[in-house]
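Me: Please take a close look at the aromatic pairing in this predicted model. I would like one connected account, with the surroundings included.

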Amino acid sequence: MTDTVDKAPAPSVPPEQIKAIPVRHWGRWVSGVVVVAILAMIGIAFSNAKINYSVIPDYLFDPDIISGAWTTLYISVLAMVLGVVLGVVLAVMRLSSNPVTSTVSWFYIWLFRGTPVLVQLLLWYNISLVFPVLNLGFYKNEMNDVMTPVLTALLGLGLNEAAYMSEIVRAGIQSVDEGQTEASHALGMTQGKTLRRVILPQAMRVIVPPTGNEFINMLKTSSLAYAVQLPELIKNAQDISSTSLAVVEMYFVACIWYLFLTTIFSIVQYYVERRFARGSTRNLPPTPLERLRKNLRLFTSFRRPEVAR
C-alpha cells in the first residue's frame, strides 16, 4: 500500500490584464475636418465681403428695431392664442360624430393648410375690395378703417395657425386610451367634463412639444406681415436700410433678434415639456444647467492630477 503525500496547492497566477485597444473612428475625424474646412471657407468669404460689421452693434438697440421686435412678439403671442383656442374647437369638431361639424372642420383645415400664409394675409388686407362696408347691425364702419395692419396680421396668422393646431390637438386626444373615456362615462361624467378633466390633461404630453415648435415658427412666420405694412422687425429693418444704405447689415440685425427670441422660447419650451413629462418617464432629463455642471465636473476631473498611492 503506497502512502499518498499531500501536495501543497500551486500558487494561483493572476490572469493577464486585458489590454483594450480603442476602435479608430476615422469617419468622425474625416467628417470633422470637412466641417471645419467648410466653416473656415464661409468665414473667409464673409470676412472678404463688403459688409460693414461695425454698423451692426450701432443699430442692434435702435428704438425702431426694438419696437419692431416688440411688435413681432406681440402679434405672435396673440396669433398663437387665437390659433390654440380655435384649434381645440376644430379638433373637437373633427372628432365629433356629427357629420356636419366634422365636415366643416375638415373643410376649414383643408382650406387654410392648402393656401400660402402670404396669400391669406393679402386677401385679408384687400378684403375691402369685396366688402367695402362692415355692417353687423350694431356696428357699421368702412372696411379700410376696420382692417388695420394689426388686425390683418392677427387674422391671417391666427386663423392659419388654427388649422395646424387642430391636427396637433386631435393627435393628442387620440393618443389617450379610449378606456379613460369609458371609465369617465361609467362614473357619470359628461362628455365635456371628461374632455376637460381626463382627456386633455393626459394629451398635453403629446400636444405641448409640437405647440412649442409652432410658436417658434410663428415668431419667424410673422415676418410675412411686412407685406400688409405691419411695423414688425423686418419692416422696420428695411425702412432703416433704405435711409442708411446698410441693407445686409440690417438683415444681420434682424437675424440676431430672431435668434434671441427663438432661443428664449426654446428654453421655456424645454422646461414646459420637462414638467409634463413627469408622469410618463421615471427619470426626468437633466436641465441645461445640470448638464453644464456635469460637463464642468468631468473637465475638472480630467485636469486634476492623479494622487500617487
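Reply: W106 is partly exposed, with a relative accessibility of 44%. The cut-offs behind that label are under 20% for buried and over 50% for exposed, so 44% falls in between. The residue belongs to helix α4, which covers residues 99-113. W110 sits four residues further along that helix, so about one helical turn separates W106 and W110. Their ring centres are 6.2 Å apart. Their planes meet at 5°, so this pair is stacked.

W257 and F260 pair in another way. Their geometry is edge-to-face, with 85° between the planes. Centre to centre, the distance is 5.9 Å. Both lie in helix α11, residues 247-276. They are three residues apart there, again about one helical turn. Their exposure needs separate mention. W257 is buried, at 14% relative accessible area. F260 is partly exposed, at 46%.

These two pairs are part of a total of nine aromatic pairs in the structure. Aromatic residues also gather in a cluster: F46, Y53 and F252 form one.

Two members of that cluster, F46 and Y53, also belong to a nonpolar surface patch. The other residues of the patch are V30, V34, V35, I38, L39 and I42. Together the patch residues have about 720 Å² of accessible area. V30 lies in helix α1, residues 26-48. V30 is exposed, at 52% relative accessible area. In general, nonpolar side chains in soluble globular proteins tend to be buried together.

Now the interior. The largest nonpolar core has 15 residues. M165, V169, I199, I207 and L219 touch the most other members. Three elements give two or more residues each: α3 (63-95), α7 (149-174) and α9 (191-221). Helix α9 provides the largest share, six residues. Beyond its neighbours within four places in sequence, M165 is in contact with M80, G83, V84, G87, T211 and E214. Another core lies apart from this one and has 13 residues, among them A69, L233, I234 and V253.

To return to the two pairs: W106 and W110 are stacked, whereas W257 and F260 are edge-to-face.

Definitions and conventions. Residues are numbered from 1 along each chain as its sequence is written. This is a predicted model: local features need pLDDT of at least 70, side-chain atom pairs count only at pLDDT 80 or more; totals for chains, interfaces and linings use all residues. Side-chain values use heavy atoms; hydrogens and water are left out. Patches are made of residues with over 30% relative accessible area and no salt bridge: like charges are joined within 9 Å, nonpolar side chains (Val, Leu, Ile, Met, Phe, Trp, Tyr) within 5 Å. Accessible areas come from the Shrake-Rupley method with a 1.4 Å probe; for residues, only the protein chains shown count as cover. A salt bridge is a side-chain nitrogen of Lys or Arg within 4 Å of a carboxyl oxygen of Asp or Glu. Buried means under 20% relative accessible area, exposed over 50%, partly exposed in between (1.4 Å probe, protein chains only). Rings of Phe, Tyr and Trp (its six-membered ring) pair if their centres lie within 6.5 Å; planes under 30 degrees apart count as stacked, over 60 as edge-to-face and the rest as tilted. A nonpolar core is a set of buried Ala, Val, Leu, Ile, Met, Phe, Trp, Tyr and Cys residues joined through side-chain atoms within 4.5 Å. Contact means heavy atoms within 4.5 Å.
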